[in-house]
Amino acid sequence: MKKVIAAAAGLMLVGAMVGSASAAVSFGGDARARAYYQQNYDFGSVSTDEETGAVTRDREQDNFINSRVRIQARAEAPGGAYAVGRALYGAATWNGGASGTADIDADKAYIGVPMGMTLLQAGRLPTDLLRSTSFFEQDITRDGLQFDINATDMATIGLWYWIDYEARENGDLVDDNDNSQYGIYADLKFGGDWGTRMGVIYNDDQVLNDGRDDDGAYGGIEVVGPAGPVAFSGAIAFDDRGEGDTGWGGFLKGGMQFGATGVALMAGLTD
């Protein structure tokens with residue numbers, strides 16, 4: 001039995017080495033540092049003084065700096081299957097000695113397998129709902145599956161299944177006491193470089209003892225495209241999760257480039 005196990009481990013190691021040698025590997029990433037000045041950012045919400053414990057409304061200003069570095073690797077096999085991993089370093093507010101090696105995370109880790117006109121991806125995936133405008137949900141990853149159908153060069157339809165919370169007790173499942181999400185989206189392109197993307201997600205909250213019910217749907221639609229020298233974009237989204245009123249938000253933006261300089265005008269609304 002030990003010989004069989006050792007042989008299997010040796011075959012897996014050889015397979016991994018051969019795969020690494022034949023795969024095309026590329027690297028990329030991004031980095032940023034941001035300074036924040038916030039005035040009346042909590043809209044009058046009460047806060048507690050850290051020194052006295054007094055509850056007040058006069059602490060509505062905050063200044064801080066944060067930064068991060070992200071490095072992404074992609075390995076693609078000759079058959080088209082690929083793996084993507086992204087490491088996140090130091091994504092935190094500057095805080096002296098509180099920073100350390102704990103500020104490292106794998107915020108992308110997934111595989112993709114193309115099959116004709118379809119693509120199946122599984123793992124920790126990017127789940128931007130409205131990708132071109134980055135409206136409503138932006139730069140978020142979740143654990144789950146994404147199945148895309150590339151009907152034509154101008155149209156893609158996709159299905160999502162994400163797991164937001166997997167309840168466990170003593171190493172076992174507990175009555176499916178989980179939070180999962182199911183979604184569908186369409187990405188369409190038109191003539192003149194215009195395009196639209198729309199999606200709807202249903203949040204299935206089966207967590208029993210957290211004191212709230214977050215069942216419900218959320219989603220949106222975006223439109224982007226040029227009109228002469230003006231680049232237009234707009235989106236509207238809704239959120240009906242939970243027991244309160246349905247939230248709505250949207251914006252419309254037009255912008256022009258003048259060499260290295262650009263100007264834009266944007267109007268938005270929320271309800």
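A charge is taken to sit over an aromatic ring if NZ of Lys or CZ of Arg lies within 6 Å of the ring centre and within 35 degrees of the ring normal. In the predicted model examined here, arginine 197 meets this criterion with respect to tyrosine 185, its charged end being placed over the ring at 4.3 Å from the centre. A second arrangement of this kind involves arginine 74, whose charged end sits over the ring of tyrosine 82, 4.0 Å from the centre of that ring.

The protein comprises 271 residues, of which 25% count as buried. Its secondary structure consists of one helix and 17 strands. When contacts between residues at least 6 apart in sequence are considered, 42% of them join residues at least 24 apart.

Aromatic pairing was examined over the whole structure, and six pairs were found. In one of these, the ring centres of phenylalanine 135 and phenylalanine 251 are 5.2 Å apart and the ring planes lie at 55°; the pair is therefore classed as tilted, since planes under 30 degrees apart would count as stacked and those over 60 as edge-to-face. Phenylalanine 135 belongs to the loop between strand 7 and strand 8, whereas phenylalanine 251 belongs to strand 16 (residues 247-258), so the pair ties together parts separated by 116 residues in sequence. The relative accessible area of phenylalanine 251 is 14%, and this residue is accordingly buried, the limit for that class being under 20%.

Tryptophan 160 and tryptophan 162 form a further tilted pair, with ring centres 4.9 Å apart and planes at 35°. Both of these tryptophans are buried. Together with Tyr185, Trp160 and Trp162 make up one aromatic cluster. Tyrosine 185 thus links two features, because its ring also lies beneath the charged end of arginine 197 by the criterion given above.

Tryptophan 194 is located in the loop between strand 12 (179-189) and strand 13 (195-205). With a relative accessibility of 29%, tryptophan 194 is partly exposed. Beyond its neighbours within four places in sequence, tryptophan 194 is in contact with Lys189, Val223, Val224, Gly225, Pro226 and Phe232. For one of these partners, proline 226, the C-alpha atom is separated from that of tryptophan 194 by 6.9 Å, although the two residues are 32 residues apart along the chain.

Aspartate 105 lies in strand 6 (residues 104-115). Its relative accessibility of 43% likewise places aspartate 105 in the partly exposed class. Apart from neighbours within four places in sequence, the residues in contact with aspartate 105 are Arg86, Ala87, Leu88 and Arg124. Arginine 70, 35 residues away in sequence, has its C-alpha atom 9.5 Å from that of aspartate 105.

The largest pocket encloses about 230 Å³ of space. Its lining is formed by 14 residues, with Gln121, Pro126, Asp128, Arg131 and Gln146 lying nearest the centre. Strand 5 (82-93), strand 7 (118-126) and strand 8 (141-152) are the elements that contribute two or more residues to this lining. Classified by residue type, the lining contains six charged, five nonpolar and three polar residues.

Methods
Residues numbered from 1 in each chain as written. Predicted model: local features only at pLDDT ≥ 70, side-chain atom pairs only at ≥ 80, totals over all residues. Heavy atoms only, no water. 1 Å grid on protein atoms, 1.4 Å probe; cavity = no way out; pocket = protein on both sides within 12 Å on 5 of 7 lines; lining within 4 Å. Points joined across faces, edges and corners; volume = space filled by probe spheres on them. Helix = DSSP H or I, 4+ residues; strand = E, 2+ residues; numbered from the N terminus. Nonpolar A, V, L, I, M, F, W, Y, C, P; charged D, E, K, R; others polar. Phe/Tyr/Trp six-rings, centres within 6.5 Å; stacked < 30°, edge-to-face > 60°. Buried < 20%, exposed > 50% of the residue type's maximum accessible area, 1.4 Å probe, protein only. Contact = heavy atoms within 4.5 Å.
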